[in-house]
Amino acid sequence: MVPLSFAGQQFAIVDRAGLYWPAQSALFVADLHFEKASWYAAAGQMLPPYDSAATLDRLEAAIAACGATSLWCLGDNFHDSRGAQRLDVRLAERLESLSRRIAVHWITGNHDSALDAGFGGQVVDEAVLGGLALRHRAESSRSVPELSGHFHPRLRVRLRGRMVSRPCFVRCAERLILPAFGSLTGGMDAGDPAILGVMGEAPQAVVATESKALAFYLQKTADLRA
């Protein structure tokens with residue numbers, strides 16, 4: 001785990017894409033996209049059906065690493081609202097077991113807005129914890145500090161003649177966007193106007209290494225025209 005500060009609070013990045021808040025003993029993850037492969041399979045595009053198991057393995061390892069007593073999933077937990085019904089019974093039992101050990105909260109997103117299966121956890125549209133708003137998609141019109149997901153941000157840089165892409169957090173004073181945690185998720189460039197359009201002044205992409213978090217300033221379109 002590596003430290004990350006936001007909104008006057010100290011957090012720790014867990015496994016490159018999770019965010020642990022020691023003061024609340026809470027782990028935050030975004031965009032798990034359980035059952036994405038089965039959704040594509042139903043549409044005729046066959047993908048290896050192991051994404052949900054891999055994501056849950058990673059999630060359980062992250063919880064064990066930080067010792068969180070609550071889990072907050074920031075939307076698009078399933079790739080679609082019916083994904084919970086397709087989830088293998090053994091994985092469903094693992095989620096139910098998890099919710100008996102810690103408090104699990106499922107914030108709904110645009111992919112799973114009609115999600116009604118909490119597997120023993122709580123399903124909500126939005127929440128507030130310790131003064132931080134928790135939602136799926138960042139809202140630029142609100143000034144309260146918030147944590148969100150949705151965009152799957154990745155930092156892309158050219159090193160030694162080749163392009164390198166890494167999951168990243170995007171941070172400004174009021175907002176922190178988490179990278180996707182799911183095993184079968186793509187990503188959007190952290191400097192994309194769709195992301196920067198909801199950020200405040202001096203946005204940064206933050207990438208976790210094994211020992212520290214590296215911050216890179218991002219330029220908005222207006223800054224480039226100046």
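# Working through a predicted model

His111 sits in the loop between strand 6 and strand 7 (122–124). Keep in mind that this is a predicted model. The exercises start with that histidine and then move outwards.

## Exercise 1: His111 and its surroundings

Work out how exposed His111 is, and which residues His111 touches.

*Solution.* Start with accessibility. The cut-offs are under 20% for buried and over 50% for exposed. His111 comes in at 30% relative accessibility, so His111 counts as partly exposed.

Next, look for partners beyond four places away in sequence. His111 touches His33, Asp76, Phe78, His79, Asp80 and Ser81. Take His33 from that list: His111 and His33 are 78 residues apart in sequence, yet their C-alpha atoms are 8.4 Å apart in space.

Finally, check for a polar contact. The side chain of His111 reaches the backbone oxygen of His79 at 2.8 Å.

## Exercise 2: A glutamate in strand 10

Decide whether Glu146 is buried or exposed, and find what its side chain reaches.

*Solution.* First, place the residue: Glu146 belongs to strand 10 (residues 146–148). Its relative accessibility is 1%, so Glu146 counts as buried.

Now follow the side chain. The side chain of Glu146 gets to the backbone nitrogen of Glu139, at 3.1 Å. Glu139 also turns up among the contacts of Glu146 once neighbours within four places in sequence are set aside; the others are Phe6, Ala133, Arg135, Ala138, Glu174, Arg175 and Leu176.

## Exercise 3: The two sides of helix 2

Check the length of helix 2, then work out how its buried residues are arranged around the axis.

*Solution.* Begin with the length. Helix 2 (residues 51–66) has 16 residues, and at 1.5 Å a residue these should span 22 Å. The end C-alpha atoms are 23 Å apart, which agrees.

Then list the buried positions: Asp51, Ser52, Thr55, Leu56, Arg58, Leu59, Ala62, Ile63 and Cys66. Looking down the axis, the buried residues of helix 2 fall within an arc of 160 degrees, so they line one face of the helix. On the other side of helix 2, Ala64 and Ala65 are exposed.

What do the buried residues of helix 2 pack against? They pack against strand 2, strand 3, strand 4 (26–29), helix 1 (36–42), strand 5 (70–74) and helix 4 (89–101).

One last stop: just after helix 2, Gly67 has a positive phi of about 75 degrees.

## Exercise 4: The nonpolar cores

Find which elements build the largest nonpolar core, and which of them gives the most.

*Solution.* The largest nonpolar core has 28 residues, and the members that touch the most others are Leu27, Val29, Leu32, Leu59, Leu71, Trp106 and Phe119. Two or more residues come from each of strand 4, helix 2, strand 5, helix 4 and strand 6 (103–107). Helix 2 gives the most to this core, with 5 residues.

Now zoom in on Leu32. Not counting neighbours within four places in sequence, Leu32 is in contact with Thr55, Leu59, Cys73, Gly75, Asp76, Asn77, Trp106, Phe181 and Gly182.

To finish, look for another core. There is a second, separate core of 24 residues, and Leu4, Phe11, Leu129 and Leu132 are among its members.

## Exercise 5: A sheet of three strands

Give the strand order of the sheet that contains strand 11, and say how its strands pair.

*Solution.* The 3 strands form an open sheet in the order 12-11-15, with mixed pairing. The edges are strand 12 (162–167) and strand 15 (188–189), each pairing on one side only.

Take the two pairings in turn:

- Strand 11 (residues 153–159) and strand 12 run antiparallel and are joined by 6 bridges; in strand 12, Arg166 is the bridge partner of Leu155.
- Strand 11 and strand 15 run parallel and are joined by 2 bridges; in strand 15, Asp189 is the bridge partner of Arg154.

The hairpin of strand 11 and strand 12 has 2 residues between the strands, and Arg160 takes a positive phi near 50 degrees there.

## Exercise 6: Positive phi between strands 2 and 3

Determine how exposed Asp15 and Arg16 are.

*Solution.* Asp15 lies in the loop between strand 2 (9–14) and strand 3 (18–21), and Arg16 is in the loop between these strands too. Neither is a glycine, but phi is positive in each: about 50 degrees for Asp15 and near 70 degrees for Arg16.

For accessibility, Asp15 is partly exposed at 30%, and Arg16 counts as partly exposed at 45%.

Notes: Residues numbered from 1 in each chain as written. Predicted model: local features only at pLDDT ≥ 70, side-chain atom pairs only at ≥ 80, totals over all residues. Heavy atoms only, no water. Helix = DSSP H or I, 4+ residues; strand = E, 2+ residues; numbered from the N terminus. Buried < 20%, exposed > 50% of the residue type's maximum accessible area, 1.4 Å probe, protein only. Expected span 1.5 Å × (residues − 1). Arc of directions from axis to C-beta. Contact = heavy atoms within 4.5 Å. Pairing = 2+ DSSP bridges. Core = buried A, V, L, I, M, F, W, Y, C linked by side-chain atoms within 4.5 Å. Polar contact = N/O pair within 3.5 Å; in protein donor to acceptor, adjacent residues only side chain to side chain.
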